[in-house]
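Open the structure in your viewer and keep the selection tool at hand. The tour goes stop by stop.

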Amino acid sequence: MFSSVAFRQLKKSPISVLKQTKNFASTMEGFETLSVTIPKPFVYQVELNRPKRLNTMNRAMWFEIGKCFDDLATRDDCRSIILTGSGKLFSAGIDLQDMIELGGQLAEQEDIARKCKILEQMIKNYQDYISALERCPKPVIAAVHNACIGGAVDLIVAADIRMCSSDAWFQVKEAEIGMAADVGTLQRLPRVIGNQSLVNELCLTSRKMEPIEAKDCGLVSKVFDSRDSLVAGALELAENIASKSPVAVQLTKRTLVHARNNNTQDGLDFIRYWNMTMLQSEDFINAAMAQATKSPPPTFAKL
Ligand SMILES: CC/C=C\C=C\CC(=O)SCCNC(=O)CCNC(=O)[C@H](O)C(C)(C)COP(=O)(O)OP(=O)(O)OC[C@H]1O[C@@H](n2cnc3c(N)ncnc32)[C@H](O)[C@@H]1OP(=O)(O)O
């Protein structure tokens, strides 16, 4: 299969190399609450950027999170994403000022059906914005420092990988503010940490979780000494992922997400149908050939 003739032919036409580096300088501008940069080739950094308001999630931020990750899903110069918070802490959750304004908006309606319509639409939108992280086929690494509260927990459990610094703490605070969490934590956290008893305890009491416990229960995969080393570690991991075939990485993420929500046979069907096409991609041929011939890993064309 891996004849030296075939290998030489592949090496003669590295379309991948030619297509790879263009547009490296392009960034996404125009966000009010997010800073989006490209710290390394093919690696995006999305930073919650309302440091003076403790990165609280106001209406603009909810919307921009959805838009940003839906855009990154289709950008061929993006292969992996790190999600960080600027300033003192990762995020203090939903902007409670927005909630007060929402109360005012509801009060303008007399009828319960009209009030319900406003709430249903808002919750649906917020759910969809958070789910954009999961919809995006590029892996998202959440790097949490200091506080990660309420809506911010909904956000990070929709990411693929979580890491934190040693000053981090996590709080499913909704019960404490008199509501049931409604944008993902109650659905995703049980699958993330695989311990229903602990999930129930955290969500029913709103107690804070510290990094050692977060690591032990699998909420985060690694704890770093400081925010700087955390971001450096997240970037290193993102770079590693970005060096792999985007065909392999994106389909692996899609398949893992699908597997979480479906039974094993449906999952096997899913990957079989995808791979009857994707195993014909040049990425598989080039990467497998490099392994077989002990050559350096290939570069891959944009996807
Ligand atoms: C459809 C619904 C979808 C999602 C729902 C999500 C629900 C949630 O997110 S529940 C969680 C809500 N968040 C909170 O309850 C956090 C409240 N804040 C705190 O506990 C603390 O501020 C802190 C994060 C631990 C930080 O403490 P500290 O460093 O002492 O700062 P403070 O002096 O307390 O705060 C500084 C400044 O920020 C304002 N602020 C803090 N959190 C929020 C918030 N969530 N919303 C709006 N504003 C917030 C605080 O009021 C202070 O404002 P000043 O104007 O400076 O007084």
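The stops are the ligand, the sheet and the nonpolar core. Keep in mind that this is a predicted model.

**Stop 1: the ligand**

Select the ligand and the 20 residues around it. Which of them come nearest? They are G93, I94, L96, G150 and G151. Now colour by element. α4 (96–107), α5 (112–135) and β5 (147–149) are the elements that give two or more residues to this shell. α5 gives the most, with three residues. Next, colour the shell by residue class. You should find 11 nonpolar, five polar and four charged residues.

**Stop 2: the sheet**

Show the strands as ribbons. Follow the open sheet of six strands in the order β1-β2-β3-β4-β6-β9; its pairing is mixed. Select β1 (34–40) and β9 (222–224) at the edges. Each has a single partner strand, so one side of each is left without a neighbour in the sheet. Look along the sheet: on average, neighbouring strands are turned by 25° against each other, direction ignored.

Zoom in on β2 (residues 43–48) and β3 (residues 80–85). These strands run parallel and are joined by six bridges. Pick L48: which residue of β3 is its bridge partner? The partner is G85.

**Stop 3: the nonpolar core**

Select the largest nonpolar core, with 67 residues. I141, A143 and C148 have the most contacts inside it. Helix α10 (residues 227–242) gives the most to this core, with seven residues.

Finish on A143. Leave aside its neighbours within four places in sequence. A143 is then in contact with I82, L83, T84, M163, L230, V231 and A234.

Note on methods. Residues numbered from 1 in each chain as written. Predicted model: local features only at pLDDT ≥ 70, side-chain atom pairs only at ≥ 80, totals over all residues. Near = placed C-beta within 6 Å. Helix = DSSP H or I, 4+ residues; strand = E, 2+ residues; numbered from the N terminus. Nonpolar A, V, L, I, M, F, W, Y, C, P; charged D, E, K, R; others polar. Pairing = 2+ DSSP bridges. Axes fitted to C-alpha atoms, helices over the stretch in contact; angles between N-to-C directions. Core = buried A, V, L, I, M, F, W, Y, C linked by C-beta atoms within 7 Å. Buried ≥ 20, exposed ≤ 12 C-beta atoms within 10 Å, placed from the backbone. Contact = placed C-beta atoms within 7 Å.
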